[in-house]
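Please find below some notes on this model, set out as numbered points. They go from the overall layout to the interior and then to single residues.

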Amino acid sequence: MHKPSDPPSAAPERPQVLAIVERAYRGAVEKQFVDALYLALELHRQLGGIDILLRGQAVTYAARDAHVPPLRLGNRVVDTLTDPRGDVRRLLDAGVRVYAEEPGLAAHGLDGEGRLLDRVRPLPADEAATRWSTYRMVCFL
C-alpha cells in the first residue's frame, strides 16, 4: 500500500498498453463527435501512456498528403467529416508513439519515403507481433 511518505513511483519508460486500430472510416458520419483516435487520446491520458499500432486500412490515417473529401448522400453534401490525420498529429503531440504496419502501408501505396506524417514509424508485421508480450495490455479500438 502506498503511504504518503513513500517516494512517488517512477512512470514506466515504455507504455504498458498497446492499442491497435485496424478498421478505418467506420461510421464516418455518425462518429463525428467521438472515434477510436479520440478514445486513444483519452486512454493515453488516463492510463499514463499508450502506443498505437495502425494496421490494414487504418494506416491511411497517417498518410501525409491525404485529405477528406466531402461525402454526397443523394442531394446532400456532408463536408464536416473529421480528418484522422489531425487526430494522429494530436496523439503524436501528446507523446503517443504511433506505428504503421508495413503490409498495410504497401497495400495502400504508402511504403515510400516521405509518405507518412512525421514521427509515425513503419513497423514490420513480424516485429509488431513479437512486441505484444512486452505490454501489460493489448486492445483493439
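1. Strands, as the word is used here, are DSSP runs of E at least two residues long, numbered from the N terminus. In that sense, the place of Glu101 is in strand β5. The model is a predicted one.

2. Overall layout. The protein has 4 helices and 7 strands. Their order along the sequence is β-α-β-β-β-α-β-α-β-α-β. Of the 141 residues in the protein, 35% are buried. Among contacts between residues at least 6 apart in sequence, 76% join residues at least 24 apart.

3. Main core. The largest nonpolar core has 26 residues, and those that touch the most other members are Ile52, Leu54, Tyr61, Val88, Val98 and Val120. Two or more residues of this core come from each of β1 (17-21), α1 (36-47), β2 (51-54), α2 (84-93) and β5 (97-101). A second core, separate from this one, has 7 residues, including Ile20, Leu53, Tyr99 and Leu123. As a general remark, nonpolar side chains tend to be buried together in soluble globular proteins.

4. Val98. With neighbours within four places in sequence left aside, Val98 is in contact with Ile52 and Leu54, with Val88, Leu91 and Leu92, and with Arg119, Val120 and Arg121. Of these partners, Val88, Leu91 and Leu92 are among the buried residues of α2.

5. Helix α2. How much of α2 is covered? Mostly: 7 of its 10 residues are buried. They are Pro84, Arg85, Gly86, Asp87, Val88, Leu91 and Leu92. The buried residues of α2 pack against α1, β2, β5 and β6 (120-123). After the helix comes Gly95, with a positive phi near 100°.

6. Glu101. Is this residue buried or exposed? Its relative accessibility is 9%, and the cut-off for buried is under 20%, so Glu101 counts as buried. Not counting residues up to four places away in sequence, Glu101 touches Leu53, Leu54, Arg55, Val59, Leu123, Ala125 and Ala128. Glu101 and Glu127 lie 26 residues apart in sequence, with a C-alpha to C-alpha distance of 9.2 Å.

7. Cavity. There is 1 cavity of 30 Å³ or more. The largest cavity holds about 40 Å³ of space. It is lined by Leu18, Leu53, Tyr99, Leu123, Ala128, Arg131, Trp132 and Tyr135. By class, the lining has 7 nonpolar residues, no polar ones and 1 charged. Leu53, Tyr99 and Leu123 in this lining also belong to the second nonpolar core.

8. Aromatic pair. The whole structure contains 1 aromatic pair. The rings of Trp132 and Phe140 have centres 6.1 Å apart and planes at 70°, so the pair is edge-to-face; the cut-off for that class is over 60 degrees. Both rings belong to partly exposed residues: Trp132 has a relative accessibility of 31%, and Phe140 has a relative accessible area of 47%. Trp132 also lines the largest cavity.

9. Second largest pocket. The space in this pocket is about 180 Å³. It has 13 lining residues, of which Gly112, Glu113, Gly114, Leu116 and Pro122 are the closest to its centre. The lining divides into 5 nonpolar, 2 polar and 6 charged residues.

10. Arg119. What is the sign of phi at Arg119? Phi is positive there, about 80°, although the residue is not a glycine. In general, most residues other than glycine have a negative phi. Arg119 is found in the loop between α3 (102-107) and β6. Its relative accessible area is 47%, so Arg119 is partly exposed. Arg119 is also one of the contacts of Val98.

11. Ala36. This residue lies in helix α1. Ala36 counts as partly exposed, at 23% relative accessibility. Ala36 and Val21 are 15 residues apart in sequence, and their C-alpha atoms are 7.5 Å apart in space.

How values were computed. Residues are numbered from 1 along each chain as its sequence is written. Side-chain values use heavy atoms; hydrogens and water are left out. On a 1 Å grid over the protein atoms alone, a cavity is a set of points where a 1.4 Å probe fits but cannot get out, and a pocket is an open set with protein on both sides within 12 Å along at least five of seven lines; lining residues have an atom within 4 Å of a point. Grid points are joined across faces, edges and corners, and a volume is the space filled by probe spheres set on the points. Ala, Val, Leu, Ile, Met, Phe, Trp, Tyr, Cys and Pro count as nonpolar, Asp, Glu, Lys and Arg as charged, and the others, Gly among them, as polar. Rings of Phe, Tyr and Trp (its six-membered ring) pair if their centres lie within 6.5 Å; planes under 30 degrees apart count as stacked, over 60 as edge-to-face and the rest as tilted. Buried means under 20% relative accessible area, exposed over 50%, partly exposed in between (1.4 Å probe, protein chains only). A nonpolar core is a set of buried Ala, Val, Leu, Ile, Met, Phe, Trp, Tyr and Cys residues joined through side-chain atoms within 4.5 Å. Contact means heavy atoms within 4.5 Å.
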